[in-house]
Amino acid sequence: MRKQVKIPKATITRLSLYYRQLELLEFDGYRMVSSDKLAWLCQVNPAQVRKDLGYFGEFGVRGVGYDVIDLQIHIKKILAVNRDWKIAVAGVGNLGSALLQQESLAARGFVCAAAFDSDPEKIGRFTPSGIQIQDIKDLEKTVKEQQIEIGVISTPASAAQLVADLFLEAEVHALLNFSPTRIVVPECCLVENIDFTVKLDVLTYKLHHTLVR
């Protein structure tokens, strides 16, 4: 029996980058692309491109390159974005509202099916995309009824854990956490934390150390 290879998280991130560049290449009329060009567009090493793709099979033709459309199809299948995923957003502040209005999400198969908040002034209102904001207390019931698969947390830090618990009670085990705090979840739950301040710290470090040279 073949031993299953553990795929590095960084590889999955790069596959997403490759896919987006392949979309742009197709839009520009490219039919084929070399690993060198794809690597240059994604700011990685060509060997890294070949290694990342090599985890999942043999793609492309030596000396010719990759079929742009064919490779897109393969990567979509690998990332499981060749189908629609229902998501729910908890916390309809500035960030949550912006996420709900992202047309690119639906284009990539992420369907915003529900939105929740605890602010009485927001509950009952409709977002520009036509989603009615519901009371956070109704999260479990609605999520189960609509078969939501991914929960997005865009609440203040103080409410993030409570919301995470509500999603877990509703049997949603994949969470995207924009809250500036780490949430505690069981091992069965997948969590991606996105903290903009961390990214800004990285930028300021690089900016400072570049300028002081």
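**Ground rules**

I take helices and strands as DSSP runs, numbered from the N terminus. I keep in mind that this is a predicted model.

**Entry 1: the ends of two helices**

I began with what follows H8. Glu-171 comes after that helix, and its phi is positive, near 65°. I then looked past H1. Gly-29, just after H1, also has a positive phi, of about 95°.

**Entry 2: helix H1**

I checked the length of H1. The helix covers residues 9-27, 19 residues in total. From first C-alpha to last I read 28 Å, close to the 27 Å expected at 1.5 Å a residue.

Which residues of H1 are buried? I list Thr-11, Arg-14, Leu-15, Tyr-18, Tyr-19, Gln-21, Leu-22 and Leu-25. What do they pack against? I find strand S1 (32-33), helix H2 (35-42), H3 and helix H4 (68-78).

**Entry 3: salt bridges**

I searched the whole structure and got 8 salt bridges. I followed up three pairs.

Asp-52 and Arg-14 came up with 2.6 Å, N to O, between their side chains. Asp-52 sits in helix H3 and Arg-14 in helix H1, so this bridge ties together parts 38 residues apart in sequence. Are the two partners buried or exposed? Asp-52 is buried, at 0% relative accessible area. Arg-14 has 17% relative accessibility; the cut-off for buried is under 20%, so Arg-14 counts as buried.

Next I looked at Arg-31 and Asp-67, whose side chains form a salt bridge at 3.1 Å, N to O. Arg-31 is in the loop between H1 and S1, and Asp-67 is in strand S2. The two are 36 residues apart, and the pair links distant parts of the chain.

Last I took Arg-83 and Glu-149, with a bridge of 2.6 Å, N to O. Arg-83 lies in the loop between H4 and S3. Glu-149 lies in the loop between H7 and strand S6 (150-153). The parts tied together here are 66 residues apart in sequence. I checked exposure again. Arg-83 is partly exposed at 36% relative accessibility. Glu-149 is partly exposed too, with a relative accessible area of 28%.

**Entry 4: the nonpolar cores**

I turned to the largest nonpolar core, which has 21 residues. Which members touch the most others? They are Leu-139, Val-143, Ile-153, Phe-167 and Leu-175. At least two residues each come from strand S3 (85-90), strand S4 (110-117), helix H7 (139-146) and helix H8 (157-169). H8 gives the most, 6 residues.

I picked Leu-139 for a contact list, leaving aside neighbours within four places in sequence. Leu-139 is in contact with Ala-90, Phe-116, Leu-166, Phe-167 and Ala-170. Apart from this core I found another, of 16 residues. Leu-53, Phe-59, Val-68 and Leu-71 are among its members.

**Entry 5: back to H8**

I listed the buried residues of H8: Ala-160, Val-163, Ala-164, Leu-166, Phe-167 and Leu-168. They pack against S3, H7, S6 and strand S7 (174-177). Two of the buried residues, Leu-166 and Phe-167, are in the Leu-139 contact list.

**Entry 6: a surface patch**

I finished on the surface. Which residues form the nonpolar patch there? Met-32, Val-61 and Val-64 do, with about 250 Å² of accessible area together. I placed Val-64 in the loop between helix H3 (46-54) and strand S2 (66-67).

Conventions:
Residues numbered from 1 in each chain as written. Predicted model: local features only at pLDDT ≥ 70, side-chain atom pairs only at ≥ 80, totals over all residues. Heavy atoms only, no water. Patch = residues over 30% accessible without salt bridge, like charges linked within 9 Å, V, L, I, M, F, W, Y side chains within 5 Å. Areas by Shrake-Rupley, 256 points an atom, 1.4 Å probe, with all protein chains shown as cover. Salt bridge = Lys/Arg side-chain N within 4 Å of Asp/Glu carboxyl O. Helix = DSSP H or I, 4+ residues; strand = E, 2+ residues; numbered from the N terminus. Expected span 1.5 Å × (residues − 1). Buried < 20%, exposed > 50% of the residue type's maximum accessible area, 1.4 Å probe, protein only. Contact = heavy atoms within 4.5 Å. Core = buried A, V, L, I, M, F, W, Y, C linked by side-chain atoms within 4.5 Å.
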